[in-house]
Amino acid sequence: MASWRGLIACGFITCLTVGCSGDLNASTAKTQEVVKKINVSQFVAEAQDSKQAEKLFVQGNHLLDARRYQDAIGMYDQAIAIQPENADIWINRGNALASLQKYKDALSSYDKAIALQPEQDEAWYNRGNVLMTWQNYKGAIAAYDKAIALAPDKAAAWINRGISLSKLQRYPEALKSYERAIAIKPDKPEAYYNRACTYALLSDVKLATQNLQKAIQLAPDKYQELAKTDPDFDKVRNSEEFRAVVNSQ
């Protein structure tokens, strides 16, 4: 668009130079006034477009919160048609697609956001989540590493990184990820639960039960029942310590 305005100004000036050179200064000023008016007009139009895109984005977010994912995608698509270079819209569009298990399309949305703004840690984090769902654990770890590099205190990224490492049986590295998450947010039950799973896979009854107990203390309605059937605890399931934790009232 800047080139288009420049060409218009050059066109006017060239014509005036061929005509009467005595009026060149006055005509040049008039040309500048015309360009200025074009700039203001475009500024107003862009501002209106931006406001409309923001309105559609907010409506999409409300629909996303209400779990009306397909409707949310429709809103995000309208917003993108106005502001195709808005990374935030692409990220939330990806979230809606992922919620519909349309993971390939979700990944494309996250990749578009990353191409526009590589420093968006949310895009890298959500990209990792999709790759982990696909059991592409190495790719997920790489995405989480990017997210963590941009947002070192993102506890959720450290936890999911740990899960991916554990799936690859890289247990010591997984434990370090959970420890980092706990250092950032000591009240995150997910970190303690997944650390308990990793210790159980290592047949460490004591540390598995200690961390499981902490997770249950923080979220009793979730992790006590989950641990009863989680295969990660199979190696410690018959221990007295484990049975005491999962059967406690």
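**Figure 1. Arg127 and Asp111 join side chains in a salt bridge.** In this predicted model, the gap from N to O in that bridge is 2.6 Å. Arg127 belongs to helix α6 and Asp111 to helix α5 (residues 103–116), so the pair ties together parts that sit 16 residues apart in sequence. How exposed is Asp111? With a relative accessible area of 30%, Asp111 is partly exposed. Here's the background idea: side chains of opposite charge can pair when their charged atoms come close. If you search the whole structure, you'll find 10 salt bridges.

**Figure 2. Lys154 meets Asp121 in a salt bridge and also sits over the ring of Tyr125.** Start with the salt bridge, where N and O are 3.1 Å apart. Lys154 is in the loop between α7 and α8 (155–167), while Asp121 is in helix α6, so this pair ties together parts 33 residues apart in sequence. Asp121 counts as buried, at 14% relative accessibility. Now look at the ring: the charged end of Lys154 is 5.2 Å from the centre of the Tyr125 ring. Another lysine does something like this elsewhere: the charged end of Lys214 sits over the ring of Tyr192, 5.8 Å from its centre.

**Figure 3. Arg161 and Asp145 form a salt bridge.** Their closest N and O atoms are 2.7 Å apart. Which helices does this pair link? Arg161 is in helix α8 and Asp145 in helix α7, and the two residues, 16 apart, connect distant parts of the chain. Check how covered each partner is: Arg161 is buried, with 16% relative accessible area, whereas Asp145 is partly exposed at 34%.

**Figure 4. Tyr125 and Tyr144 make a tilted aromatic pair.** The whole structure has 5 aromatic pairs. In this one, the ring centres are 6.0 Å apart and the planes are at 50° to each other. Why does the pair tie together parts 19 residues apart in sequence? Because Tyr125 lies in helix α6 (residues 121–133) and Tyr144 in helix α7 (residues 137–150). Both rings belong to buried residues: Tyr125 has 16% relative accessibility, and Tyr144 has 0%.

**Figure 5. Tyr193 and Phe233 pair edge-to-face.** Their ring centres are 5.7 Å apart, and the planes meet at 70°. That angle is over the 60 degrees needed, so the pair counts as edge-to-face. Tyr193 comes from helix α10 (residues 189–201), and Phe233 from the loop between α12 (220–229) and α13 (240–246), so parts 40 residues apart in sequence get tied together. Tyr193 is buried, at 3% relative accessibility, and Phe233 is buried too, at 0%. Zoom out a little and you'll see a cluster, with ring pairs linking Tyr193, Tyr223, Phe233 and Phe242.

**Figure 6. Pro220 is part of helix α12.** Pro220 is partly exposed, with a relative accessible area of 43%. Pick out Pro189 as well: its C-alpha atom is 9.6 Å from that of Pro220, although the two prolines are 31 residues apart along the chain.

**Figure 7. The whole chain has 13 helices and 0 strands.** Of its 249 residues, 43% count as buried. The accessible surface comes to about 14300 Å², and carbon and sulfur atoms make up 52% of that. The mean pLDDT of the chain is 84, with 80% of the residues reaching 70 or more. Over residues 1–38, though, the pLDDT is below 50. Where pLDDT is low, the predicted coordinates shouldn't be read in detail.

Definitions and conventions. Residues are numbered from 1 along each chain as its sequence is written. Side-chain values use heavy atoms; hydrogens and water are left out. pLDDT is the predictor's confidence in each residue, from 0 to 100. Contact means heavy atoms within 4.5 Å. Rings of Phe, Tyr and Trp (its six-membered ring) pair if their centres lie within 6.5 Å; planes under 30 degrees apart count as stacked, over 60 as edge-to-face and the rest as tilted. Helices (H or I, at least four residues) and strands (E, at least two) are DSSP runs, numbered from the N terminus. Buried means under 20% relative accessible area, exposed over 50%, partly exposed in between (1.4 Å probe, protein chains only). A charge sits over a ring if NZ of Lys or CZ of Arg is within 6 Å of the ring centre and within 35 degrees of the ring normal. Accessible areas come from the Shrake-Rupley method with a 1.4 Å probe; for residues, only the protein chains shown count as cover. A salt bridge is a side-chain nitrogen of Lys or Arg within 4 Å of a carboxyl oxygen of Asp or Glu.
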